[in-house]
Amino acid sequence: MTRKKVLVFRELPEDQLARLRSAHELTLVNPRIAAQRDAFEAALHEAQGLIGSSFPVDEALLARAPKLEAISSVSVGVDNYPLAALHARGILLCHTPGVLDETVADTVFALLMATSRRVVELSNLVREGRWTKNIGEDLFGHDVHGKTLGLLGFGRIGQAIARRAALGFGMPVLYHARRAVDLAAQAPELLGRATHTPLDELLARADIVVAMLPLSDSTRGMIDARVFGRMKPGAIFINGGRGATVQEPALLDALDQGTLRAAGLDVFAVEPLPLDSPLRTHPRVTPLPHIGSATHETRHAMAELAVSNLLKALAGERPLAVYDTAFA
């Protein structure tokens, strides 16, 4: 097989770099480091394959890569790539669905539990030496078991969260998606436990609303003041999807006005979260640094799948996971 030029723009495990090196010529550059940005742009000119994540490859950068055949993103989301431009040039875009579903669901449910039971707040009470007597009702949390869960988005990760809620905590699950999921075929264990529900009804009934939406033109800013205003008074909001689906000023207003009891956030419109963001220190917010898939096992599995995708794409074979850019 002809050795091709591959630009690696994200750290990969050594065993996965070795797989790539055995077949192709590699250039390792991290464009998130200012001093390496020029080298990244220069390497684009000869690159036939790209592999990485967490950096926007826009149309201007794509134009600098005239020989590009395939991009392998070490992620499920593809909002960092110009889908229409990739489709127009016939460049394959690969991603890593499936291998991170259960791990992200674990993270989201941990955030749901921590927010409901005020785990971080009360842990800090102990750490800071302020636990001097039995806590009073002002520091009580709220039960999770038996509460109604509302899911915005019901893909693989949403279904994994629903299983934890319905089967583990006896929670009725409502979900809102563009179309109802065939539970008998895709998730039979959720038959009778998860119900496709109109958005406004879900918002009015759910005690905890979890957003697991991909970022697109239709979902950007979708969770706005109207959505927060329709939520059940005292509801908890969790976002484990994409930060830019939420209008953060509206979220802050809902928290400050008492519409929402609390929010748990693993994603933000701007990441890392700016130091001056009110979300960083808001007493009703439990923030995480976008750790949904951040375990040793899962990040390695994502890298392995991304490398396999790229090797197959550059060999003229069908990758394991191709994103269909025709629907951009």
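UniProt positions are given here in the numbering used for this structure, and its annotations may be inferred rather than shown by experiment. With that in mind, note that the model on the screen is a predicted one.

Begin with the whole chain in view. The protein holds twelve helices and twelve strands. Its radius of gyration is 22 Å, close to the 20 Å that the globule rule gives for 328 residues, so the protein is as compact as a globular protein of that length. Turned along its principal axes, the C-alpha trace spans about 70 × 50 × 35 Å. If you colour by accessibility, buried residues will make up 49% of the 328 residues, while a surface display shows about 16,100 Å² exposed, with carbon and sulfur atoms supplying 52% of that area.

Next, select residues 109–292, which an unreviewed UniProt entry lists as "domain: D-isomer specific 2-hydroxyacid dehydrogenase NAD-binding". Mark the C-alpha atoms at the two ends of this span, and you will find them 10 Å apart, in a stretch that is 32% helix and 16% strand.

Now move to strand 3, residues 49–52, where Gly49 and Ile51 point one way and Leu50 and Gly52 point the other way, all of them buried. Add strand 1, residues 5–8, which runs parallel to strand 3 and is joined to it by three bridges; here leucine 7 stands opposite leucine 50 of strand 3. Then add strand 4, residues 70–73, which also runs parallel to strand 3, with four bridges joining the two, and look for serine 73 of strand 4 opposite glycine 52.

Notes:
Residues numbered from 1 in each chain as written. Predicted model: local features only at pLDDT ≥ 70, side-chain atom pairs only at ≥ 80, totals over all residues. Heavy atoms only, no water. Buried < 20%, exposed > 50% of the residue type's maximum accessible area, 1.4 Å probe, protein only. Pairing = 2+ DSSP bridges. Rg over C-alpha atoms; globule rule 2.2 N^0.38 Å. Areas by Shrake-Rupley, 256 points an atom, 1.4 Å probe, with all protein chains shown as cover.
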